[in-house]
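Hi everyone, thanks for coming. Today I'd like to walk you through a structure that may be new to you, so let's bring it up on the screen.

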Amino acid sequence: RQREREREREEMLGGFVGGFISLRVRSSAVCTRACEILRHPLRITPTAAAFSALSSFPSVPLHPPRRPSPSHQCSSRARITSLRSRRMNSPRFGVVTSRSSSSNSTNSNDDTNNQQNNNATKRKTAAAVIIGNEILSGKVSDVNVAYLAKLLFARGVKLCRVEMIADDYDEIGEAVVRLSQKVDYVFTSGGIGPTLDDITYAAIAKAFGVSLVCDDRILCAMKEISPQHEINVARRQMATVPTGAELLAVEGLWVPLAVVNGNVFILPGVPWLFQRMLDAHKGRFGDESAALATARVYTNRFEGEIAASLNQLHADFPDVELGSYPRTEVAHNYCVMLTLEGADEARVHAARDQLKRAVDGELEPGLLPQMERPRVG
């Protein structure tokens with residue numbers, strides 16, 4: 001009878017474990033609560049225990065359970081054995097055991113290959129936050145976004161979003177924290193000077209819950225590179241950065257590229273400084289080997305005439321991104337510039353050749369015949 005009770009409890013525990021694996025719950029608190037429920041005198045099912053435990057922890061995300069196929073259903077004892085094996089193979093225990101069957105080894109290799117392929121095709125992402133009332137009022141035109149976009153594109157990084165915001169503590173903090181959770185890199189431009197509207201360091205420090213510190217290394221570099229300038233209160237403000245920030249030095253400059261939260265890069269708004277600091281540390285952002293293959297086709301036909309051909313090309317090459325841009329300068333010797341981008345260079349070239357034929361285009365605008373008609377439409 002004792003063995004029967006142990007077997008019954010083992011089966012119940014196995015069902016409980018299987019239920020939690022299918023629900024993909026990763027919370028020790030929830031598991032502890034479920035075990036307490038299972039020990040209750042009332043006879044309840046493992047599934048009921050699982051959901052009852054989850055109801056005690058509303059903050060734990062619950063994903064929809066997956067229904068296993070009949071061929072993948074296993075006994076309770078097998079579930080427990082699988083769980084024990086998984087724990088022993090965890091790096092947390094410092095022990096790695098070999099697979100006992102060739103099928104498991106094959107599946108493991110397939111998973112590894114799939115993971116490598118996913119990593120190879122996944123592009124890094126970035127966002128930019130342009131800070132300054134002068135930008136929003138039109139007194140100053142931003143040129144930093146274009147430079148940043150070209151540099152990131154050449155290194156295989158996708159610039160997903162650009163936000164222009166005022167010199168406001170809450171707006172700066174909210175934007176930077178939100179974007180840092182969504183993309184791999186966040187770049188800020190502006191607001192790190194010596195005047196009262198330069199609040200970017202302080203706003204970001206507040207948003208991430210850290211204090212500010214006047215860094216002696218910046219002060220020393222300031223004295224060395226600009227000895228003619230007095231280190232007054234205003235200049236000390238430019239050396240006051242969020243505590244714990246990583247400071248990346250730039251040769252010939254005393255102002256560092258400050259990095260907060262591991263992925264927020266704080267840059268000045270002055271274009272030549274912005275560009276020089278980015279160039280000095282561009283190796284931190286993506287990799288040139290991850291850059292997309294590109295091609296361009298120019299045509300003297302109007303967009304309204306070639307739209308159907310573009311739709312057909314998109315259907316034939318869904319993996320190649322197509323862009324259509326009418327000319328912006330009178331001196332341009334074309335009506336429309338068409339761009340192609342994709343991870344597979346051969347596919348991009350094939351799309352380019354088809355597009356060139358479809359729109360009577362050329363690979364260089366100078367090869368197009370001179371047109372006498374108006375360049376609109």
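Before we count anything, a word on terms: helices and strands here are DSSP runs, with at least four residues for a helix and at least two for a strand, numbered from the N terminus. With that in hand, the protein chain has 14 helices and eleven strands. Please keep in mind that this is a predicted model.

So how much of the protein chain is buried? Of its 377 residues, 34% are buried. On the outside, the chain exposes about 22,900 Å², and carbon and sulfur atoms supply 51% of that. As for contacts with a separation of 6 or more, 70% of them are between residues 24 or more positions apart.

Now, confidence. The mean pLDDT of the chain is 79, with 66% of residues reaching 70 or more. Two stretches stay under 50. One is residues 40-45, where the model has four contacts beyond four places in sequence. The other is residues 54-106, with 48 such contacts. Where pLDDT is low, the predicted coordinates should not be read in detail.

Let me finish with a spot on the surface. Which residues form a nonpolar patch there? They are L136, V162 and M164, and together they have about 250 Å² of accessible area. Take V162 from that group: you'll find V162 in strand β2, which covers residues 157-165. Is V162 buried or exposed? V162 sits in between: it counts as partly exposed because its relative accessibility is 36%, and partly exposed covers the range between under 20% for buried and over 50% for exposed.

Note on methods: Residues numbered from 1 in each chain as written. Predicted model: local features only at pLDDT ≥ 70, side-chain atom pairs only at ≥ 80, totals over all residues. Heavy atoms only, no water. pLDDT = per-residue confidence, 0-100. Contact = heavy atoms within 4.5 Å. Patch = residues over 30% accessible without salt bridge, like charges linked within 9 Å, V, L, I, M, F, W, Y side chains within 5 Å. Areas by Shrake-Rupley, 256 points an atom, 1.4 Å probe, with all protein chains shown as cover. Salt bridge = Lys/Arg side-chain N within 4 Å of Asp/Glu carboxyl O. Buried < 20%, exposed > 50% of the residue type's maximum accessible area, 1.4 Å probe, protein only.
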